[in-house]
Each structure stands twice: as structure tokens, then as C-alpha cells.
Amino acid sequence: MQPVGAQRVAEPYVCLHRACPAGLLTIDGRGVIADANEEAARLLNGEVSQLVGRPFVDFVDELHVEVWRLHARRASSSDRADYVELRLLNLTGRALDAALQSRSATEDGERVVYMAISDISDRRRAEEHLMRTAEKFETLFNCAGDAIFIYDMTGAILEVNEVACRWLG
């Protein structure tokens, strides 16, 4: 039986769990989802009842299963949090780039992993766009027929292209 004061202490945490802007999951020792909040259900495009009882690996893109397994081993065998980025598949099969922050604990005598899931799809798209833009700049910079010099605010030369090197001798 839980002490009366413990219930008052637990109530704010239950509200926090439900309202948290990150998806929260509890994964049992077999890798099965034991609990989930509404945000986790939203991220995986379903209802909490559709997540609970399913192996979490069911939601991991097949190319990232080994990354997930390594993360799960690290998280469950340590008292330290572990972080990984991988691709998940929601209940409809749509890909979701996700960051997982996991930490293990003992709950009712069983080792469990508490996991926070964040959607990083927008960040990944921005990173990919930035890389493509940098590649285009580098190609233009190196293939230009003119000498190109890049200076800092003090006038120091930071970078020159091949034509500038030939021009300077």
C-alpha cells in the first residue's frame, strides 16, 4: 500500500508525463514498451494502447536495428544516460528521424529503460540542405575561372582558390 503523501508527490509527475513535449516510453527487460505518453503515441502516429505491449524494435528502421540494439545494451547496463540518433518508422510506415535519450532504472524489482524520443526530422533536413549548399559553394569556388580570395574583417586572407594560387605564383 502506498503512503497517502506518496500519492500527492506522484500526481505532478503523472501530469508531467502526460504533458511532456517529448515522447516518453518505458521499455521492459525484454525490449517491450511497457508505458508510453501521448506525445510518443503522436510521434509514432497511433494511440498509447497501440504501442504498449509491442517490442520497440518494431518501430526501428531495419537499417538502424543494430544501432538500436547497441543503444539498448548501453542504456540498460549503465546508470548513465545514453543518446543516439536513428530512424524510426511510425505505425503507418512513415520514416521519422529521432533522437533517443535513455536511462535505466529498477522498477518493481525489474530493470527497465526510460526513454525520451524527440523528432529531429526538420533538423536533419536542414543539415542536409546546408551540406548540399556547402558542396555547391566549394564546387563554384574551386571551378571558377577567376581568382577568389576570402578575407576576414581584419584583412587577413582566410582562403584562396586554385586560380588565385596560380595568379600569385
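**Figure 1. Contribution of α1 to the lining of the largest pocket in the predicted model.** Helix α1 supplies four residues, the largest share of the lining of the largest pocket. In this predicted model, the elements that each give two or more residues to that lining are α1 (4–19), β1 (23–27), β2 (33–36) and β5 (110–119).

**Figure 2. Centre and composition of the largest pocket.** The pocket holds about 310 Å³ of space. Its lining consists of 17 residues, and those nearest the centre are Y13, H17, R18, L24 and D35. By residue class, the lining comprises 10 nonpolar, four polar and three charged residues.

**Figure 3. Confidence along the chain and in its elements.** The chain has a mean pLDDT of 89, with 93% of its residues at 70 or more. Among the elements of the chain, strand β3 (residues 82–89) has the highest mean pLDDT, 96, whereas α1 has the lowest, 60. The pLDDT is below 50 over residues 1–9, and this stretch makes one contact in the model beyond near neighbours in sequence. Helix α1, with this lowest mean pLDDT, is also the element that gives the largest share of the pocket lining.

**Figure 4. Backbone at N45, in the loop between α2 and α3.** N45 lies in the loop that runs between α2 (38–43) and α3 (48–51). Although N45 is not a glycine, its phi is positive, at about 60 degrees. Most residues other than glycine have a negative phi. N45 counts as partly exposed because its relative accessibility is 42%, a value between the cut-offs of 20% for buried and 50% for exposed.

**Figure 5. Backbone at D108, in the loop between β4 and β5.** The loop between β4 (95–107) and β5 contains D108. D108 is a residue other than glycine with a positive phi, near 55 degrees. With a relative accessibility of 80%, D108 counts as exposed, since exposed means over 50%.

**Figure 6. Surroundings of D97 in strand β4.** D97 is part of strand β4. Its relative accessibility is 8%, and D97 therefore counts as buried, the cut-off being under 20%. Leaving aside residues up to four places away in sequence, D97 touches L86, R87, S118, D119, I120, S121 and R124. Of the aspartates shown in these last two views, D97 is buried, whereas D108 is exposed.

Note on methods: Residues are numbered from 1 along each chain as its sequence is written. This is a predicted model: local features need pLDDT of at least 70, side-chain atom pairs count only at pLDDT 80 or more; totals for chains, interfaces and linings use all residues. Side-chain values use heavy atoms; hydrogens and water are left out. On a 1 Å grid over the protein atoms alone, a cavity is a set of points where a 1.4 Å probe fits but cannot get out, and a pocket is an open set with protein on both sides within 12 Å along at least five of seven lines; lining residues have an atom within 4 Å of a point. Grid points are joined across faces, edges and corners, and a volume is the space filled by probe spheres set on the points. Ala, Val, Leu, Ile, Met, Phe, Trp, Tyr, Cys and Pro count as nonpolar, Asp, Glu, Lys and Arg as charged, and the others, Gly among them, as polar. Buried means under 20% relative accessible area, exposed over 50%, partly exposed in between (1.4 Å probe, protein chains only). pLDDT is the predictor's confidence in each residue, from 0 to 100. Contact means heavy atoms within 4.5 Å.
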